[in-house]
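Please open the model in your viewer and keep the selection tool at hand. We will go from stop to stop, picking a few residues each time.

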Amino acid sequence: MTLSRRDFIKGSAAALALSAIGGPCFAAAKEEADKWVKGVCRYCGTGCGVLVGVNKDGRAVSIKGDPNNHNQGLLCLKGAMLIPVIYSTDRITEPMIRKDGKKSELTKVSWDVALDFAAKRFKDAVAEYGPDSIAYYGSGQALTEESYLANKIWKAGFRTNNVDGNPRLCMASAVGGYMTTFGKDEPMGTYNDIDNATCFFIIGSNTSEAHPVLFRRIARRKQSSPDVKIIVVDPRRTNTSRIADLHVFFKPGTDLALLNGMAHIIFKEELDDDRFIKRYLQFQDNEGNARSLEEYKEFVAQYTPEKVHEITGIDPDMVVKVARMFAESPATLSLWCMGINQRSRGVWANNLIHNLHLITGQIGRPGASPLSLTGQPNACGGVRDTGSLAHLLPAGRVVANEKHRNEIEDYWGVPRGTIQPKMGHHTVALFENMASGNVKAVFIHCTNPAHTLPHLNKYTKGLETAFVAQTECFHDAETLKYADVVFPAAFWCETEGVYGCTERRYSLIEQAVAPAGQSRPAVEILMEFAKRAGVDPKLMPYKNSADIWEEWRKLSQGTPYNFYGMTRERLKKESGIKWPCPSEDHPGTDLRYVRGEDPLVPVNHETKMFFYGRPDGKPIVYLRPYQPPFEPADDEYPFVLTTGRVIDHWHTATMTGQVPELRKAYPSAFVEINPDDAKKLNINNGDPVVLETRRDKMTFPARVTATCMPGLVFCPFFDKKLLVNRLFHDAVDAASKEPEYKICATKVYKQG
Amino acid sequence: MAILGFLTHTVEGKSKEVEAALAAMPELSTYGIHQDCYVVVVAEADSADLEGLMSRVHALDGVLTTYVTSLNVEDEQ
Ligand code: SF4
């Protein structure tokens, strides 16, 4: 590269950074790649738009944030380092099978051999044991077209509802919360609310590390106006709390009491929105009985600040302060993530956040909304919306409802009665049934359950027992150890498809480069496999992923998930559109359920808001009592262990681990421990520390830091050499079946 | 050598200090303070050193966080 070319690229880099904050572009800001191809970051649920620069040899050489998408040209470092992942030497480029069972080596074979090998096992299982002896385990990282197609193949082709996926491990409680309170899934707000909120209630989310580009938007909002207040409720002092006005530490797993206590103060101090409550709301207890407003007030009145203090450790004055700040702000935005969802009462916790918004009328206005943050880039659009879970059908339908089944059967052109009425196995049950031999074969797509399941020692038995067909891009994935057949899938911008992020925004990832080696787009793999396994080819009349999108887009018409207006052509031109979007000239929707904003609310509807997800149009405020976590700390296991992400790795690091500079930042997992606890246990930085739970024990290097409050230890989960989920129990939320990864009891001691 | 364009988001009232500290790092060129809290920066470094460099940026007093806007690795391919 010549000096002048470097100077030119440097000038362009500065210009891009400046333009991302609305500054003037320098003259040098011309585009340096031969072409720029639009896409979405492969990692988190923020869903940042990217532009991939491709040179004239067809090789990706640069990446920049898409200035026209919500991220306004910004990325975090891991998003900016996606290019080396494409060209990693760890890529799987040829199909492989284990010819002689689990103990034999994976050997390279042709596509035909691999596909036939897998198809025969599935076909045989169905013939001998029936359709429920096979399953599909998908991903919130798969493209929408892939999840839609797999759902159709399994539920209508093989006739089993054993279709689940990793969103069960991260977002199922948020789905349960939206469904039970509002009657339909997905948030009513969008990221634009961040620019209008005057109070942020951030609970169970380390936004700074898990959703870095959104954190920037929150921090910018805070800096733009001294009146904007930020409340962070988190037992860890993370970078997110650096911008907080109030940081509320509490005993892990006790936040239900805080949320009810806030509701009590809101009524006690007349901070509620009586007009909104009377017009729109209904109340219900845990048994499904209707309750009155007065009964609800009486119920939350048990949660006095003193009682909340007893349960949570939060100072009573702080409870009052937080409730006032939440209710008195002109527009409060709640943001939450895994700290709320990955809980044995995750759905309840979601309901209680919604309760606060409903009783204060902090909803349906710019900046006033509950907005759950998604962990994966396409859990919302790809899995939740397409209904690719064991109990769901596309666009908010459920398998248990005959009318819903018939609608989908008619649309898919299969006889009525094809889709089974019984829910399939949710994730934990699926792996249990694999271990017990009830499920004989599983197709795993785009996910790494041998790393991410809870109580790993128990559930990897399922992978040891069942036949495992897997699509995968990287040799590094832990689950490969158990795979009987491996299909190399085209990675990210090597193929084309749609991602739908947290804010109901669907964006198209266009193909920028050719697939590595013999890799193929997953939709091709799924169709080829299914045809060979005996699924009627008429169910899959597609030439490519655009055809699948076309079918899905049309299926959404007339439903509460209507995105009929998002044609492929339009998605190519625009950098994401938010549904509902019922027609090609509709710009997309910011404020759901609001007359004049949401196209699904009739223009002449009698009230400003219409919660059409519920038959009576009224969201439910729930009387949900505090319940402790499944396994709180006790005398024998006196610490609470929690897990989460670090900024430079994403999930199981099969992708970020390919980038040496990201790997160097966090070469291995560690345990964070409070300095006071460390002192008592004679632990110094770097010392080997044993975490011993009722399941297993493991040794981690210590990081002594005030990030964790006393009594709490934290381990990131990215490291396959230190699979922290071996330590966790497998308690799940009763409704959402999401595991409680955030809290388990542990002993902590220095390795002797 | 990779070229990384990024914004450094500073804590209120610290932007001048942060800009001076960034300008003193040999791999970085700064392009001014904007909106009182963002320093526009371009890094030129071996991509294997980028993470270490960014960790040093994060460790500077007054840095809230950073946002990358572009990464070019065309002469490293
Ligand atoms: S914030 Fe998330 S979506 Fe955006 S660049 Fe970073 S990892 Fe990608």
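Select A:K64 and B:S70 to begin: B:S70, in strand 4 of chain B, is the bridge partner of A:K64. Keep in mind as you look that this is a predicted model. Now widen the selection to the two strands, residues 60-65 of chain A (strand 3) and strand 4 of chain B, which pair in the antiparallel sense over three bridges. Strands of a sheet pair through backbone hydrogen bonds, either parallel or antiparallel, so switch on the backbone atoms here.

**The contact between the chains**

Next, colour the rest of the contact, to which chain A brings 42 residues and chain B brings 35. On chain B, select strand 1 (2-10), strand 2 (28-34), strand 3 (38-45), helix 2 (47-59) and strand 4 (63-72), the elements that each give two or more residues to the side touching chain A. Which of them gives the most? Strand 4 of chain B does, with eight residues. Colour that side of chain B by class and you will find 17 nonpolar, 13 polar and five charged residues.

**Around the ligand**

Move on to the ligand and show the 14 residues that surround it. The closest are A:C41, A:C44, A:C48, A:C76 and A:G79, so label those five. Two elements of chain A give two or more residues to this shell: helix 2 (77-80) and helix 9 (212-224). If you colour chain A by domain, you can see that the shell draws at least three residues from domain 1 (3-86) and at least three from domain 3 (177-377). By class, the shell has eight nonpolar residues, five polar ones and one charged.

**Strand 19 and its partners**

Now select residues 485-488 of chain A, which form strand 19, and show the side chains. In a regular strand the side chains alternate between the two faces of the sheet. Here, A:V485 and A:F487 point one way, while A:V486 and A:P488 point the other. Are these four residues buried or exposed? All are buried.

Add strand 4 of chain A, residues 96-98, which pairs with strand 19 in the antiparallel sense over two bridges. To find the pairing, look for A:M96, which stands opposite A:V486. Then add strand 18 of chain A, residues 467-472; this strand runs parallel to strand 19, and four bridges join the two. One pair to label here is A:E472 with its bridge partner in strand 19, A:P488.

**An open sheet of three strands**

Carry on to strands 20, 21 and 22 of chain A, which form an open sheet in the order 20-21-22 with antiparallel pairing. Strand 20 (497-500) and strand 22 (577-578) are the edge strands, each pairing on one side only. Four bridges join strand 20 to strand 21, residues 505-509. For a landmark, label A:G500 and its bridge partner in strand 21, A:Y506.

**Zooming out**

Finally, show the whole of chain A as a cartoon, with its 26 helices and 29 strands. Its radius of gyration is 25 Å, close to the 27 Å that the globule rule gives for 752 residues, so chain A is as compact as a globular protein of that length. Along the principal axes, the C-alpha atoms of chain A fill a box of roughly 70 × 70 × 70 Å. Colour chain A by burial and 61% of its 752 residues come up as buried. Of the contacts in chain A with a separation of 6 or more, 71% are between residues 24 or more positions apart.

Key
Residues numbered from 1 in each chain as written. Chains lettered and ligands numbered in written order. Predicted model: local features only at pLDDT ≥ 70, side-chain atom pairs only at ≥ 80, totals over all residues. Contact = placed C-beta atoms within 7 Å. Nonpolar A, V, L, I, M, F, W, Y, C, P; charged D, E, K, R; others polar. Pairing = 2+ DSSP bridges. Near = placed C-beta within 6 Å. Domains from an automatic or database assignment. Rg over C-alpha atoms; globule rule 2.2 N^0.38 Å. Buried ≥ 20, exposed ≤ 12 C-beta atoms within 10 Å, placed from the backbone.
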